[in-house]
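Trainee: I should like to go through this model with you, element by element. May we begin with the overall content and then turn to the contacts?

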Amino acid sequence: MWNLVRTGQHFFTPEQRAQCEALFEAILPGGETNPGARDADAVEYIDGLLTMSHEIYFDIPTLQKLYPAGLAAIDAAAQQAYGASVTEIATEQVATLLQQMKDGKLPGSMPAADQTKFFTNVRAQCIEGCFGDPRWGGNKNGVMWRWYGWIVPAERFQRTTLAPQKLPIKRKAKAKAPARKSRRART
Amino acid sequence: MSDAKIDAIIVGSGAGGGTAARVLTDRGWNVVVLEKGKPWHADDFLPFDELHFREHKALIPKVDTDPQTYAGLDDKQSVPSERWWEIEMVGGSTMVWDANFPRYADEDMAMSQYLDVASIPNNNVIDMPDWPWSYDDMQPWFEIAEHEWLVSGRAGQTVGKKGAKPWSQERMRPGYEYPQPPLVDHASTKFLMSTFEKAGMPAYRGPRAINSRTIDGRPACSFCGYDQFFACPVNSRSNSMNTMLAHALHTGRCDLRTEHCATRVGFENGKVTGVYYITEPNGKEQFLAAPRVFLSAQPIQSARLMLLSNVPDPNKVVGHWLTYHPKANIDFIFKKLKSWDTKSEGASRNNIGTLQLRDLYIINDKKHKKPFARDKKTYLTKGGKFSVYDPYTCIPPLRNLKGAAMGKTKTSVWGRDLVDYLNEVRSNAAVTFSFTGDAMSMYDNRVELDPARKDSWGIPVARTFYHHHQYDRDLTQYAVDRISNVMINIGGGELRKAETQAEANPGYGHVHGCLRAGTDPTKSVLDPMCQSWQVKNLYVLDASFMPTAGASNPSITMIANAYRVCRNVQ
C-alpha cells in the first residue's frame, strides 16, 4: 500500500486562498441542486499540493510560480474592471475575467501564453479538488462523489441554506472613463 | 545464474520481453532479463487513487526529466513529450494497460489486397507493404498467446443471414474458443448492440486479458472502475508479471535483473556479443555477454537503442516508418434514457472498451470495388475499429470531467457548461467511442537521437518526427460521421464530443514501426524472423517490427509474434 503523507502545511496567503477559492467557484459554481467547488473545499487540495515535492507531481515547481502570478494578475484585473477584489465580485464576473484569462486577453502584464496556461491549470486543479479522493483535502466528505455517483450511487443534493449571493458590482461611471483613456494612451 | 551459462539476454520485461522469457526458458534456455525499472507488488497499487496514479502520473516517466522530444510540424523543434505508454517497472506497460486483445487480421497484414493506394491523393509519400507473413501463418500463435495470457472472449458472436452459421469478426479456426468466457455485459450493451444491428453494423464483446472467472489462482474482475492507467491490485487483469514472468522465474532459468538500464548492444563482425548497461544514473557502463539478444523496450526505445549502438544502417532504415494509430473520440448523450446501471450498488460495472465495433475495418472493398462498394462518396478503403463504453461508469471522474464537452465547439467545459454536463451525465445514458484507424506509413516519420537532451540516466533521448497523412485525418472524420449518423438517427442520441486526428502527433500509446520487418534488406531493419539484417542474433520483439500500423490494439499481435519468433530461433 502506498500512503499519502500530508504535511498540514499551506502554500497560499489568506488573500491568495480566498482569490483561488473565488476562481474555483467560477469553474464549478454551486447551485440549489448541485454542490460547487466551495462546498467541496477544492482550494484545500491545491493549497496543500503546492507545499509538496517534485516527487509527488513533476509539475508542482511550475505551479508554485504560476499560481501566485496568476492570482495577482486576475485580482489586479478585477480591481481595474470592477474596482474590487476578485473575492468581492459576483461569480459571473469572475467567470468573465477567467474567460479573458483563457483567451490570453486579460488586461495587465501577464504574458498571453502564461494566462492560458494558468486558466488550464485552474480548471484542472478545481476538478481535481472537487472529484479527487478526499484524502488530498478537497471533495470534502466525498460531497462530489455522492452527488456525481462515483463509488457510491448518485444522491440528490439540495442546498438548505443559500449562501449570501454577491451581487454584480457595477463600475462607477467616474472610474470607467479615465481607465479607458489611460489604456488607449498606453497603446 | 552464472553469467557464463547465459543463452540469451532480453531487454525489457513487458509484453514482448516477458513472452520471450517464458518461451525460451520453456525450451530449456538460460535467460537474463534486463529491466530498467523496479519490481512492484500488486499491493503497491492500493489504495485506488485517481489523483495519485493518473493525474500526478505516479507510474510513468516524468516528462521534465525523462521525456522523448517531438520535432513539431516544421521538423525543427525539440519539445518534451510525455511517454505515458512506456511504463518503467517489472512487467512494463502490461501493468497498466487496458488489456484489449483484438487480433490483427487479413486486412492488416495483406495490405495490398485491401488498401487502394492509387486512389489516395498525395500517395507518393505512402509506403504500405504487405507483411512478410499471412494471417493464416499467425493464427496458431494467436491461439497459444490467447491461452497463455488467459484471454476472455467468445468466438462466433456475429449472426449472419438466416440459416448461416455465426461467425467471428476476427477470423478464427472453426471450433476454436477462448480459454474464458467474455466479461459480463455492461448495462448499455443490449441497447448498443440492437442499435448497431438496426444499422447493419454488428458489434461484439471484444476479447480482454481480464479474468471473467477465477483462473490460474487469480480472481475474476471485480469491476472496481480503475482500469487503464491503473495497475490491477488483485491480479484479475493479466500482465507480464502474473503470467509470463511467473512461469519463467518458476523454471529457475530466468534471471530478472531490475534497475539495469541497457545503454547499447554489443556486436562484432556482424554478430551480437551482448549488452552494455548501467545500474544507476550516469553510472559506469558494464557489459554482459550472451550469444543472442532480444530487444523489447517498446518501439521508440528499441529504435533508440539501435541508434545508440550504431548498428550498421547502410540503407538508412533504422528508426523510419514510425506509425501511431490515428484516433477519434466521440461522445453522445441520450436524453430519453436514464443513466446506465442505476440499480446497482456501485457506479462502476465494467472495464472500458469491452464492446467492439469492427464494421468500418474495410470501408470500400478494393477487391470487389464495383459490386460491393459501400460508400461511393469516399476514397477511403481501409478503416479501423471502435471500442465502445460509457464515460460515466467506465471512466474515473477526473479523466472524464477534464475531457467533458457539450458539443463540437464547447470542449473542456467549465462554469455553467460544466454544471450542465454533470447534471446530464449523472441523469442520462451516455456512450463514448474510441476509434483506432490504420495509419499511412511514411518514411519521414521517424525516430532519431536528440543531440541536445539527455534523460535522467545520462543517455540521449529519442526525438520523433511525425506528420499524419491527410488519409489518417479524413479517416477519423469519416468514422465520426458514420457513428454520429447511427447514434443520432437510429439511437436518438445527441453529439457531445467529436475529436478527430490532427496532423501533428507528439506521441501516442499505439506505436509501431521504426524497426520494420520485411523481406527486402534495403527496405527493412529486421528479417521475417525479426532478426537484424545487419547484426546476427539480434532480435526485436516489441511492436517496432510491424511493417504497417494495422487498425486494432496491437498487444496480442505483437505477443503472438513473440511466440512465433521465440519458438523458432536457434
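**Chain folds, core and contact**

Mentor: Chain A has 8 helices and 0 strands, where helices (H or I, at least four residues) and strands (E, at least two) are DSSP runs numbered from the N terminus. This is a predicted model, in which local features need pLDDT of at least 70 and side-chain atom pairs count only at pLDDT 80 or more, while totals for chains, interfaces and linings use all residues. Residues are numbered from 1 along each chain as its sequence is written, and chains are lettered from A and ligands numbered from 1 in the order in which they are written.

Trainee: What percentage of the residues of chain A count as buried?

Mentor: A residue is buried if 20 or more other C-beta atoms, placed from the backbone, lie within 10 Å of its own. Among the 187 residues of chain A, the share that meets this criterion is 40%.

Trainee: Which helix gives the most to the largest nonpolar core?

Mentor: A nonpolar core is a set of buried Ala, Val, Leu, Ile, Met, Phe, Trp, Tyr and Cys residues joined through C-beta atoms within 7 Å. The largest has 206 residues, and those with the most contacts inside it include Leu23(A), Ile74(A) and Val11(B). With 9 residues, the element that gives the most to this core is helix α4 (residues 60–82) of chain A.

Trainee: Which residues does Leu23(A) touch, not counting those up to four places away in sequence?

Mentor: Two residues are in contact if their C-beta atoms, placed from the backbone, lie within 7 Å. Under that exclusion, Leu23(A) touches Ile74(A), Val94(A), Leu98(A) and Val122(A).

Trainee: From which element does the largest share of the side of chain A that touches chain B come?

Mentor: The contact takes 26 residues from chain A and 28 residues from chain B. On the chain A side, α1 (14–27) and α6 (112–131) each supply at least two residues. The largest share, 5 residues, comes from α6(A).

Trainee: Which are the edge strands of the open sheet in chain B?

Mentor: In chain B, 5 strands form an open sheet with parallel pairing, in the order β6-β2-β1-β10-β20; two strands pair if DSSP finds at least two bridges between them. Within it, 4 bridges join β1 (residues 8–11) to β2 (residues 31–35). The strands that pair on one side only, and are therefore the edges, are β6 (254–258) and β20 (538–540) of chain B.

Trainee: Which residue in β2(B) is the bridge partner of Ile9(B)?

Mentor: Strands β1 and β2 of chain B run parallel. In β2(B), the partner of Ile9(B) is Val32(B).

How values were computed:
A residue is buried if 20 or more other C-beta atoms lie within 10 Å of its own, exposed if 12 or fewer, and partly exposed in between; C-beta atoms are placed from the backbone.
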